[in-house]
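Please go through these notes with the model open. They cover charged pairs, aromatic pairs and charges over rings.

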Amino acid sequence: MKRYRTACAVLAALLIAAAASGCADGTDEGAAGRGKAAPPAAGQPGAAGEADAAAAEARAAKLKRQQAARVAAAKKWGLAKVPLTAPAPPAVKPRITTREGFEVEGGESLPPVFTTVPTEERIVFLTMDDGAEKDPELLRMMTELKIPYSAFLSDYVVSDDYGYFKDMQARGVTLSNHTLNHRYLPGLSEAEQRQEICGEQDRIEKHFGKRPTLFRPPYGNYNGDTLRVAASCGIKAVPLWAAEAFPDRMEWREWDRDLHPGDIVLTHFRGREDWDGSMADMIRNVMKTITDKGYAVARLEDYV
């Protein structure tokens, strides 16, 4: 029995020594038996390289899936081409000033009025006014195509279905101010303009929980009182438009009848009662124009 205990002690010592030797030369029992090095430990250079490669592969696979989804959505919704993907927004928003010829007296400190966002990227911005047509197909279409857009609402046509625009907001759309009743603002007194502009600020905050910072005057018409009133109730910028989209055509502000980097495109919440087509038809038409000209649609609020 004494000799047996001594032999066991010796065997244990030999096994411990062998294990220590394996750790020292970087092999494990299986790897040593195959003549291969053990995988690098976490935190070692080899492990970091493999992790980076795996992360890159995962990103590539994700982009591939996203592109496949865009192709499928474009086919489903009858688009002529797959919409181009906008680049990442800038870390710092560009400085926006009032367009030449759109100034008002003493307006240097007032919200800027503009039709194009300063950028060199081949992007444009899609905006929709008023809210008369509440087409559920539009919500599904824009969500599946992942096309960003901004809504400028007038309460007199929105108030019969706030839920439609709450759904829109939940899908990532910013809801901005287009006055309570869509009146011609330069023909109103300052007090009447305040009721129209600040009243809509209050209404949007009440029903959608957030006070807008962007405002578009009806018909694109304004005066100094308009901008002063708008600024007093939280408006920071007044985006107008460089082009307007319909189901069957485009209308242009610029002489060259073309898109330019940063252009704002206007359309309306309208249906077959007003147009020869649906809102989905309008999206198909405007996206064909935008994509054919090599532009992507970006989110306005990422730049303004």
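1. Start with Asp129. This residue is buried, at 2% relative accessible area. The model is predicted, so read each value below as computed from that prediction. Asp129 pairs with Arg216 in a salt bridge, with 2.8 Å between the closest N and O atoms. Arg216 sits in the loop between helix 7 and helix 8, while Asp129 belongs to strand 2, so the bridge ties together parts 87 residues apart in sequence. Arg216 is buried too, with a relative accessible area of 0%.

2. How many salt bridges does the structure hold? The count is 19. One of them joins Arg194 and Glu190, at 3.9 Å from N to O. The cut-off is 4 Å. Both residues lie in helix 7, four residues apart, about one turn of the helix. Arg194 is partly exposed at 35% relative accessibility. Glu190 is partly exposed at 40%.

3. Helix 9 carries a salt bridge between Asp292 and Lys288, at 2.7 Å from N to O. Here the partners are four residues apart, about one turn of the helix. Asp292 has 38% relative accessibility and counts as partly exposed. Lys288 is partly exposed at 43%. Shared partners bring Lys81 into one salt-bridge network with Lys288 and Asp292.

4. Now the rings. There are five aromatic pairs. In one of them, Phe125 and Tyr303 have ring centres 5.3 Å apart and planes at 65 degrees, so this pair is edge-to-face. Phe125 is in strand 2 and Tyr303 in the segment after strand 9, so check both ends of a link that spans 178 residues. Phe125 is buried at 0% relative accessibility, and Tyr303 is buried at 4%.

5. Phe165 and Phe269 make another edge-to-face pair, because their planes stand at 85 degrees; the ring centres are 5.8 Å apart. The pair links distant parts of the chain, 104 residues apart. Phe165 lies in helix 6, and Phe269 in the loop between strand 8 and helix 9. Phe165 is buried at 0% relative accessibility. Phe269 is buried, also at 0%. Tyr164 joins Phe165 and Phe269 in one aromatic cluster.

6. Which residues put a charge over a ring? The charged end of Arg249 sits over Phe246, 3.9 Å from the ring centre. Arg253 lies over the face of Trp241, with 5.4 Å to the ring centre.

Terms used:
Residues are numbered from 1 along each chain as its sequence is written. This is a predicted model: local features need pLDDT of at least 70, side-chain atom pairs count only at pLDDT 80 or more; totals for chains, interfaces and linings use all residues. Side-chain values use heavy atoms; hydrogens and water are left out. A salt bridge is a side-chain nitrogen of Lys or Arg within 4 Å of a carboxyl oxygen of Asp or Glu. Helices (H or I, at least four residues) and strands (E, at least two) are DSSP runs, numbered from the N terminus. Buried means under 20% relative accessible area, exposed over 50%, partly exposed in between (1.4 Å probe, protein chains only). Rings of Phe, Tyr and Trp (its six-membered ring) pair if their centres lie within 6.5 Å; planes under 30 degrees apart count as stacked, over 60 as edge-to-face and the rest as tilted. A charge sits over a ring if NZ of Lys or CZ of Arg is within 6 Å of the ring centre and within 35 degrees of the ring normal.
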